[in-house]
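Let's take a walk through this fold, starting with how far to trust it and ending with a few side chains. Keep the viewer open as you read.

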Amino acid sequence: MGTFPQLRRIVTDGLFNRRGSYSIDISGERIERIVPLDRPTATELVAEADTLDARGKLVLPGFIDSHCHTLASARYLLQTDLFGVSSLDEMVERIRSAPQFAADFVLAGRLDRMRLPESSRTAIRATLDAAFPDEPPRMGSIEGHSSWLNGAAWERLKVDELAQSLGLPAEELAAMRESGIVHGKLGEALSEALYST
């Protein structure tokens with residue numbers, strides 16, 4: 001913001017993860033609000049002297065949130081690292097061969113499903129069920145906000161009950177159960193529960 005001391009607004013059609021045109025209203029160095037715009041209004045606003053025309057450009061938030069995940073980082077040291085796995089067979093073998101596999105609850109992390117063949121990305125839950133019918137593995141995604149569970153882990157962690165306590169809609173829970181991918185507020189609550197597992 002330092003180069004635009006009089007800036008009051010940014011008009012963009014490339015706001016991160018949103019479609020359409022938006023006005024990002026600014027007060028000092030803070031974003032006050034983000035307002036959707038129709039095309040004629042966007043064109044009018046960019047003519048104003050205190051407005052930056054960022055149409056056709058990607059606008060991202062300032063990545064200035066300084067924090068660390070101390071407990072999560074420590075937990076990574078205690079679980080099987082799946083970083084770099086490029087097939088479901090390799091995923092299963094890495095889990096089976098890890099010293100942590102003998103633990104009561106199998107934790108693995110840093111799985112990047114985009115490294116898997118596209119046809120395998122939807123078969124993670126089925127693979128976990130087939131490879132570990134009695135063990136309850138939980139595999140965290142590399143982005144840290146979702147994880148995969150097999151049926152044994154789903155039951156052991158009482159995911160249905162946790163979802164009900166959070167008021168998660170039944171259809172959303174059903175989709176997560178089918179895919180084995182837990183995310184959103186349920187995923188966050190599950191991560192918290194796993195700290196004591």
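## A walk through the model

This is a predicted model, so start with the confidence: the chain's mean pLDDT is 86, and 91% of its residues reach 70 or more. Broken down by element, helix α2 (residues 70-76) comes out with the lowest mean pLDDT, 74, while helix α4 has the highest, 96.

Now zoom out. The chain's C-alpha trace spans about 65 × 35 × 35 Å along its principal axes. Its radius of gyration is 22 Å, whereas a compact globule of 197 residues would have one near 16 Å. In terms of secondary structure, you'll find 8 helices and 9 strands in the chain.

Two of the sheets are worth a look. Take the one with 4 strands to begin with: it's an open sheet in the order β3-β2-β1-β4, and its pairing is mixed. Its edges are β3 (30-37) and β4 (51-53), each of which pairs on one side only. On average, neighbouring strands in this sheet are turned by 20 degrees against each other, if you ignore direction. In the middle of that order, strand β1 (residues 9-12) and strand β2 (residues 21-27) run antiparallel and are joined by 4 bridges. If you want a spot to click on, try threonine 12, which stands opposite tyrosine 22 in β2.

The other sheet is open too, with 5 strands in the order β5-β6-β7-β8-β9 and, again, mixed pairing. Here β5 (80-81) and β9 (181-183) are the edge strands, so each one pairs on one side only. How many bridges join β8 to β9? There are 3, and the two strands, with β8 covering residues 146-149, run antiparallel. Tryptophan 148 stands opposite isoleucine 181 in β9.

Remember α4, the helix with the highest mean pLDDT among the elements? Helix α4 (residues 124-131) lies across three strands of this sheet, namely β6 (106-111), β7 (137-141) and β8. Relative to β8, the helix runs at about 40 degrees.

Finally, the rings. Anyone hunting for aromatic pairs will come up empty, as the structure holds 0 of them. There is a charge over a ring, though: the charged end of arginine 115 sits over the ring of phenylalanine 83, at 4.9 Å from the ring's centre.

Key:
Residues are numbered from 1 along each chain as its sequence is written. This is a predicted model: local features need pLDDT of at least 70, side-chain atom pairs count only at pLDDT 80 or more; totals for chains, interfaces and linings use all residues. Side-chain values use heavy atoms; hydrogens and water are left out. Contact means heavy atoms within 4.5 Å. Axes are lines fitted to C-alpha atoms, for helices over the stretch in contact, and angles run from 0 to 180 degrees between N-to-C directions. Rings of Phe, Tyr and Trp (its six-membered ring) pair if their centres lie within 6.5 Å; planes under 30 degrees apart count as stacked, over 60 as edge-to-face and the rest as tilted. A charge sits over a ring if NZ of Lys or CZ of Arg is within 6 Å of the ring centre and within 35 degrees of the ring normal. pLDDT is the predictor's confidence in each residue, from 0 to 100. The radius of gyration is taken over C-alpha atoms; the globule rule is 2.2 Å times the number of residues to the power 0.38.
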